[in-house]
Amino acid sequence: MKHTKKLLGIALLTATALIPVSCEDAVGQKKSEEKTPAKEVNILDEPIKGEEIAILTDAPKVPPQITRRHRTKVIVNMEVTEVVKKMADGVDYTFWTFGGSVPGKFIRVREGDLVEFHLANHPDSKMPHNIDLHAVTGPGGGAAASFTTPGHESVFSFTALNPGIYVYHCATAPVGMHIANGMYGLILVEPKEGLPKVDKEFYVMQGDFYTKGKYGEAGLQPFSMEKAIREDADYVVFNGSVGALTGDNALQAEVGDKVRLFVGNGGPNLVSSFHVIGEIFDNVFTEGGWGSPNKHVQTTLVPAGGSAVCEFTLDTEGTFILVDHSIFRAFNKGAIGMIKATGGDAEQNKIVYSGKTDDRIYQPEGGAIQEIAQDSSKPAPAATKEERIARGKTKYVAVCSACHQANGAGIPAAFPPLAKSDYLNGSKEKSISAVVHGLSGEVTVNGEKYNSIMPSLGLNDEDVANVLTYVYSMWGNNGSEVTPDEVKKVRAMDVKAPDGGH
Ligand SMILES: [Cu+2]
C-alpha cells in the first residue's frame, strides 16, 4: 500500500478526520447556522485532505474497502498496452488493454474524491487511445481530455460526485473496435458512509469478441469488424478469456462467506442475463446504483456499458456456476465462471443441499456454428462519375470519417489527413491498396510522419472505387476517378503498399 499524505498545512484538520462532516463548523471552516435536519450537504463543501495513489487490481481481485471518511485527492496511474494473450486454448488475440489485461484494472475511490487521472499509452502501441469513465460528470466522461498517442501521457481530473459502480472504456474511433478489443473496466465510487463489510469481493466483467475464424479456430485470430457490426459474437467471456474463472482459476470462498460480486459488462454489443447456478442473490444493486437493493433475485440484467452488484451468502459447499443465462453463450461461447465454496459444517451443508453434485455437465461444448449461405443482391454499378461520388460520400461518412474526420483533416499524430494529402494525390495505386489491404508502418503525409494501423475494411471493388473517387473529388484533391477495374488489379497484387509515403 502506497500512501502519501499532505496535511495542507492545517494540523487541526487531521483531528476532525473521523468526525462527521457537520463538525467542520467547529474548526471555523464554514459558518452556517442552519439547523434544518433535511439539509443536503454539498460534498464539494467538504475539505479535501491529503492525497494517495490508487491501488489498482486485475480481475478478479478488488482493491481493499475504503475506511477513510473524508475526501482526498486520488492519483490513478493507468497505462494502455496492446498485447497478445490467450482467448481460449490454442486461440490468441491481440487485446487492447487498460493495464495489461481484460478487463482493465479495478479502480476504487470514495464519493467526493478528486481523481487525478494519468493515462499513459505505451510506446509500442499502434493506436491512439483515451478513456471515458461513466463515473465522470463532464463532457465525454474524460474522452477528449485523455486522447493519447503512443508514447504519451494525458492528465485530467474530476470529482466523483455520484456513488456507484461504473464502467469505463476507450472512446477512440472506431469506438466499437476499441471496446471489442477489450478496452473496458470498472471504477467503484463508494458512498461516503462506506459499504457494509463482506467476506469476499470479486471483480467479474463480461465481454463479447468477434474473430475472423469460428469459435475455437486455432492461431492468432484477427478482429472481425463485419461480425461485430452484425453482433454475431464468436466468444462471450468473463474476465477476458474462455476459462478465466473455471477450474484452477475458479473464485474461492468458504461456506458461510458473504460474497459481493462487482459485475460489469463491457459489451460492445450484448446484454448479459447474469445468473449464478445454485445461488439466489440476497441483494442486487441493479445497474450499479447504490439505491435500495432488489432482494432474492435469480438473474439480473447487466447492460452493455453497465454493471450490477450481486451479494449472496454461500450457505453450502460445492461449485456454483456463473453464466450469462442467454445460455448458448455459456456453453458454446465461453460465458462460464465458477465459485468454489469449501468447508462449513458437513451436517448443515447437507440440510441446505443434499444430493450429488457434479460439474462435468458444465464444461463448454464449443461452437459448431452453422454457416447459412446467403445470396446478397447488389445494386447496379455506378454509371457515371457523379453517381460514384454520391455513393462514395455515403460510404465515406459510414466508414472513413470516424478516423479521417468528416472534413478529411484527420487528427494530428493519429489519423493522417486526406484533404490535400500528397500521399493520396501522389498515387492512386497506393491509396487503393490502403483501403483494400489496410496500411501499417511509417508513412509520411504532407511532411508529417504517422506510424499506426489502418485496418483492412472489407469493402468490395465497387465501394472502394466510389469512396476514393469521392475523396479525390473533395477538399482540394486532384479529382481523379477510381474504377472498380483498377481496384480489382490492386487487390489481385495482394501486397501492402510499400512502406513510406514519399
Ligand atoms: Cu482505445
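In this predicted model, the loop between strands β23 (439-445) and β24 (448-454) holds N446. The backbone of N446 has a positive phi of about 50°, although N446 is not a glycine. With a relative accessibility of 36%, N446 counts as partly exposed. A413 is another residue other than glycine with a positive phi, here near 65°. The place of A413 is the loop between helices α7 (385-404) and α8 (422-426), and A413 is exposed because its relative accessible area of 55% is over 50%.

Two cis peptide bonds can be described next. One runs from A59 to P60, with omega near 5°, and P60 sits in the loop between β2 (48-53) and β3 (71-88). Another joins A173 and P174, with omega about -10°. P174 belongs to the loop between β9 (164-169) and α3 (175-180).

The copper ion comes next. Its protein donors are H129 through ND1, C170 through SG, H178 through ND1 and M183 through SD, and they lie 2.0 to 2.5 Å from the ion. Along the sequence, these donor residues follow the spacing H-x40-C-x7-H-x4-M. H129 is in the loop between β6 (114-121) and β7 (132-133), while M183 is in the loop between α3 and β10 (184-190), so this pair ties together parts that are 54 residues apart in sequence. Both H129 and M183 are buried. What are the angles among the 4 donor atoms of the copper ion? They run from 89 to 138°, and the site is irregular. The reason lies in the upper end of that range: a tetrahedral site needs all angles between 85 and 135 degrees, and the angles here reach 138°.

Helix α10 (residues 461-473) offers a simple check of geometry. At 1.5 Å a residue, its 13 residues should span 18 Å, and the end C-alpha atoms are indeed 18 Å apart, which agrees. Is α10 largely enclosed or exposed? Of its 13 residues, 12 are buried, so the helix is largely enclosed by the rest of the structure. The buried residues include D461, V464, L468 and Y472. Around them, the packing partners of the buried residues are α7, α8, α9 (428-437) and α11 (484-493). After α10 comes W475, which has a positive phi near 50°.

Charged side chains form a further theme. Side chains of opposite charge can pair when their charged atoms come close. The count of salt bridges in the model comes to 21. In one of them, R329 meets D324 at 2.8 Å from N to O, and both R329 and D324 are buried. R391 pairs with E387, also with an N to O distance of 2.8 Å. R391 and E387 both lie in helix α7, 4 residues apart, or about one turn of the helix. An α-helix has 3.6 residues a turn, so residues three or four places apart point the same way. R391 is partly exposed at 27% relative accessibility, and E387 is partly exposed at 28%.

R391 also meets E462 in a salt bridge, at 3.8 Å from N to O. This pair links distant parts of the chain, with R391 in helix α7 and E462 in helix α10, 71 residues apart. E462 is buried, with a relative accessible area of 16%. Elsewhere, R108, E190, E201, R260 and E311 are linked in a network of salt bridges.

Conventions: Residues are numbered from 1 along each chain as its sequence is written. This is a predicted model: local features need pLDDT of at least 70, side-chain atom pairs count only at pLDDT 80 or more; totals for chains, interfaces and linings use all residues. Side-chain values use heavy atoms; hydrogens and water are left out. Helices (H or I, at least four residues) and strands (E, at least two) are DSSP runs, numbered from the N terminus. Buried means under 20% relative accessible area, exposed over 50%, partly exposed in between (1.4 Å probe, protein chains only). Donors are N, O and S atoms within 2.8 Å of the metal (3.2 Å for Na, K and Ca); water is not among the atoms, so sites may look incomplete. Four donors count as tetrahedral if all angles lie between 85 and 135 degrees; four count as square planar and six as octahedral if opposite donors are over 155 degrees apart and all others between 65 and 115; anything else is irregular. The expected span of a helix is 1.5 Å times one less than its number of residues. Contact means heavy atoms within 4.5 Å. A salt bridge is a side-chain nitrogen of Lys or Arg within 4 Å of a carboxyl oxygen of Asp or Glu.
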